[in-house]
Amino acid sequence: MAEIKIERKKRVWPWIAVVLVIGAIIYYIYFVDHQVKSENNVEIENTTSAQ
């Protein structure tokens with residue numbers, strides 16, 4: 001009789017979790033960090049009057 005090798009299916013969920021974590025880290029570094037820097041570049045209006 002022929003021998004039939006049965007292989008287990010490889011799990012996909014750990015790889016999906018890793019991709020989501022890396023995506024969350026990239027999102028945090030890029031978007032959150034840029035929002036803080038852009039707030040510092042606010043122009044201040046000169047309200048003193050030359051009289």
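1. Relative accessible area is graded here as buried under 20%, exposed over 50% and partly exposed in between (1.4 Å probe, protein chains only). By this scale F31 is partly exposed, with a relative accessible area of 42%. Y30 is likewise partly exposed, at 46% relative accessibility.

2. The model is predicted: local features need pLDDT of at least 70, side-chain atom pairs count only at pLDDT 80 or more, and totals for chains, interfaces and linings use all residues. Residues are numbered from 1 along each chain as its sequence is written, and side-chain values use heavy atoms, with hydrogens and water left out.

3. A search of the whole structure finds two aromatic pairs (ring centres of Phe, Tyr or Trp, the last by its six-membered ring, within 6.5 Å; planes under 30 degrees apart are stacked, over 60 edge-to-face, the rest tilted). One of them, Y27 with F31, is tilted, at 5.1 Å centre to centre and 40° between the planes. Y27 and F31 are four residues apart in helix α1, and therefore separated by about one helical turn.

4. Y30 and F31 form an edge-to-face pair, with 5.0 Å centre to centre and 85° between the planes. Y27, Y30 and F31 form one aromatic cluster.

5. I16 is found in helix α1, residues 13-39 (helices are DSSP runs of H or I, at least four residues). The side chain belongs to a nonpolar surface patch of about 470 Å², made by V12, W13, I16 and L20. Patch residues have over 30% relative accessible area and no salt bridge (Lys or Arg side-chain nitrogen within 4 Å of an Asp or Glu carboxyl oxygen), nonpolar side chains being joined within 5 Å. I16 is partly exposed, with a relative accessible area of 36%.

How values were computed:
Patch = residues over 30% accessible without salt bridge, like charges linked within 9 Å, V, L, I, M, F, W, Y side chains within 5 Å. Areas by Shrake-Rupley, 256 points an atom, 1.4 Å probe, with all protein chains shown as cover. Helix = DSSP H or I, 4+ residues; strand = E, 2+ residues; numbered from the N terminus.
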